[in-house]
Amino acid sequence: MTETAPLIPEQRRESIVQHLQRERVLSFRQLTELLGVSHMTVRRDVAVLEEQGLVAATPGGAKLAPRLLAEPSRAVKAGVDVAAKDAVAEVAASLVHDTMTIYLDAGTTMQAMRPHLQDVRDLTVVTNDLVTVEAFLDHPSIDLISVGGRVVTANLSTMGRLARLVLQELSIDVAFVSSSSWDLQHGVTTPVEAKVEAKRAAVAVAERSVLVADASKYGRFAKYRALRLDELDTVVTDASLDDDAAAALRDAGVELRVAG
């Protein structure tokens, strides 16, 4: 379906990333039809995205780059795999019970857990995600703790040493960790070093730790490893995870919960 509204270059490039996150690989012809622009415009946009480390050019098209050099903005993440994220969020939320203290890592999938936690009573939510903080302000029975630290404006979260210091003073029942890149070999990774501290600190003070990540992010990896998969108790993902990947994870001892 061709997009009819004219887009500025940044919007076009965000759209390309969104389409590739859904389809994994697309030809230049498919991208020109999806965006309603010329073949040369698509090629230029793909070249820019390749320089940013978000996509890799292929003969006649483009695919997501396996090495993640930079995370997409929250605006891009919010429009991708919405149904899969909600399914994953619902399964993750089923692990939460009354009176629990939980940590919600930064990310749109974590934010999607909010409707599924509406009826949980006497819940304590700890989060470094500013949008998630706002989403829980009207929860009828909650103690809400916002983790401080340096604010990342691109995804509206906090990170770094200050976030780690706050988390080290808490005791958490379940830490829900997000990631834009994960696999069996590399674990949970991020291109942003300062994001590692909050993830590790939350898992260290939690009785149980759960990776919540849709399957579109599997097989990608970034520079900094935040956690090995064997440091986590459970992985929640969606049904589009490749059967071979799912089997390899289970063979490695990963408790895998698949939504949908």
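Arginine 12 counts as buried, at 12% relative accessibility. The model is predicted, and it holds 11 salt bridges. Three of these pairs are described below, along with a network.

**Arginine 12 and aspartate 45**
- Arginine 12 and aspartate 45 form a salt bridge, and their closest N and O atoms are 2.6 Å apart.
- This pair links distant parts of the chain, since arginine 12 belongs to helix H1 (residues 9-23) and aspartate 45 to helix H3 (residues 39-51), 33 residues apart.
- Aspartate 45 has a relative accessibility of 1%, so aspartate 45 counts as buried because the cut-off is under 20%.

**Lysine 199 and aspartate 105**
- A salt bridge joins the side chains of lysine 199 and aspartate 105, at 2.6 Å from N to O.
- Lysine 199 sits in helix H9 (residues 194-204), while aspartate 105 sits in the loop between strand S5 (101-104) and helix H6 (108-111), so the salt bridge ties together parts that are 94 residues apart in sequence.
- Lysine 199 has a relative accessible area of 6% and is therefore buried.
- Aspartate 105 also counts as buried, at 3% relative accessibility.

**Lysine 217 and aspartate 214**
- The side chains of lysine 217 and aspartate 214 meet in a salt bridge with an N to O distance of 3.1 Å.
- Lysine 217 and aspartate 214 are both buried.

**A shared network**
- Arg12, Arg13 and Asp45 are joined into one network by salt bridges that share partners.

Terms used: Residues are numbered from 1 along each chain as its sequence is written. This is a predicted model: local features need pLDDT of at least 70, side-chain atom pairs count only at pLDDT 80 or more; totals for chains, interfaces and linings use all residues. Side-chain values use heavy atoms; hydrogens and water are left out. A salt bridge is a side-chain nitrogen of Lys or Arg within 4 Å of a carboxyl oxygen of Asp or Glu. Helices (H or I, at least four residues) and strands (E, at least two) are DSSP runs, numbered from the N terminus. Buried means under 20% relative accessible area, exposed over 50%, partly exposed in between (1.4 Å probe, protein chains only).
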